[in-house]
Amino acid sequence: MGLIELFLIAVGLSMDAFAVSVCKGLAMPKCTFKKAAIVGLWFGGFQALMPAIGYILGAQFQEAIASIDHWIAFVLLALIGGNMIHEALDNDEEEADASLDVKTMFLLAVATSIDALAIGITFAFLKVSIIPAVCFIGIVTFIISFAGVKIGNVFGARYKNKAEIVGGVILILLGLKILLEHLGFLG
């Protein structure tokens, strides 16, 4: 997997965290560097941790399902991307909450990084070098989440749904690319 593909996966995965970060920024009367960094660290840390856990789990089963791993990667990425698009188009409004306490941030970080667990399983099947990959994903998510808090504080929730749709489309297209490469349709 190349750097561009990894970057696109990192951006796609970070869109849930971006959306929540925008909501956090929206709810903050005053956004400081420290508050944005706290949000970025929580989301970036969990976006790095979850694929590592998924990779460990996926490596356990890699031998048994090596012949269909490209299908599994495609289905997981398509489901994750489709779910992100569905959530973005859903009319349920999320309650904006400025709280940065440990319980709140832990639950949000886990909720926004569950998709990354499945990506980690996919990485095991694709034999991705996991340490640099999870570090890269964590850093990209930190930056995007940090920016999301600032953007939310300045502009409001205008771009939240669009970001989730873009993230979902990126993941679906990457899954399709992996499948087509494995089937020999792409070089």
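## Helices and annotated segments

A helix here is a DSSP run of H or I that is at least four residues long, and helices are numbered from the N terminus. With that in hand, let us walk through this predicted model. Over residues 39-58 the chain is 100% helix and 0% strand, with 29 Å between the C-alpha atoms at the two ends. The stretch 131-151 reads in a similar way: 100% helix, 0% strand, and end C-alpha atoms 30 Å apart.

Both stretches also appear in the UniProt record, an unreviewed entry, which gives the feature "transmembrane region" at residues 6-27, 39-58, 64-85, 106-125, 131-151 and 163-180. Such annotations may be inferred rather than shown by experiment.

## A salt-bridge network between H1 and H6

Now for the charged side chains, where the count comes to two salt bridges. In one of them, Lys177 meets Glu5, with 2.2 Å from N to O. Because Lys177 belongs to helix H6 and Glu5 to helix H1, this pair ties together parts that lie 172 residues apart in sequence. Lys177 also meets Glu181 in a salt bridge, here with an N to O distance of 2.4 Å. Lys177 and Glu181 are four residues apart in helix H6, so about one helical turn separates them. Through shared partners, the salt bridges join Glu5, Lys177 and Glu181 into one network.

How buried or exposed are the members of this network? Glu5 is buried, with a relative accessible area of 18%, which falls under the 20% cut-off. Lys177 counts as partly exposed at 27% relative accessibility, and Glu181 is likewise partly exposed, at 34%.

## The second largest pocket

Which residues line the second largest pocket? They are Met1, Glu5, Ile9, Leu126, Leu174, Lys177, Ile178, Glu181 and His182. Glu5, Lys177 and Glu181, joined by salt bridges into one network, are thus among the lining residues. The volume of the second largest pocket is about 160 Å³.

Helix H1 (3-27) and helix H6 (160-182) each supply at least two residues of this lining. The most comes from H6, with five residues.

## A nonpolar patch on the surface

On the surface, Ile68, Trp71, Leu183, Phe185 and Leu186 make a nonpolar patch of about 500 Å². One of these residues, Trp71, sits in helix H3 (residues 69-89). Trp71 counts as partly exposed, at 41% relative accessibility, a value between the 20% and 50% limits for that class.

## His86 and Lys127

Helix H3 also holds His86. At 53% relative accessibility, His86 counts as exposed, since the cut-off for that class is over 50%. The C-alpha atoms of His86 and Asn161 are separated by 10.0 Å, while the two residues are 75 residues apart along the chain.

Lastly, have a look at Lys127 in the loop between helix H4 (102-126) and helix H5 (130-155). What is notable about the phi of Lys127? Its phi is near 55°, a positive value in a residue other than glycine. Lys127 is exposed too, with a relative accessible area of 62%.

Key
Residues are numbered from 1 along each chain as its sequence is written. This is a predicted model: local features need pLDDT of at least 70, side-chain atom pairs count only at pLDDT 80 or more; totals for chains, interfaces and linings use all residues. Side-chain values use heavy atoms; hydrogens and water are left out. Patches are made of residues with over 30% relative accessible area and no salt bridge: like charges are joined within 9 Å, nonpolar side chains (Val, Leu, Ile, Met, Phe, Trp, Tyr) within 5 Å. Accessible areas come from the Shrake-Rupley method with a 1.4 Å probe; for residues, only the protein chains shown count as cover. A salt bridge is a side-chain nitrogen of Lys or Arg within 4 Å of a carboxyl oxygen of Asp or Glu. Buried means under 20% relative accessible area, exposed over 50%, partly exposed in between (1.4 Å probe, protein chains only). On a 1 Å grid over the protein atoms alone, a cavity is a set of points where a 1.4 Å probe fits but cannot get out, and a pocket is an open set with protein on both sides within 12 Å along at least five of seven lines; lining residues have an atom within 4 Å of a point. Grid points are joined across faces, edges and corners, and a volume is the space filled by probe spheres set on the points.
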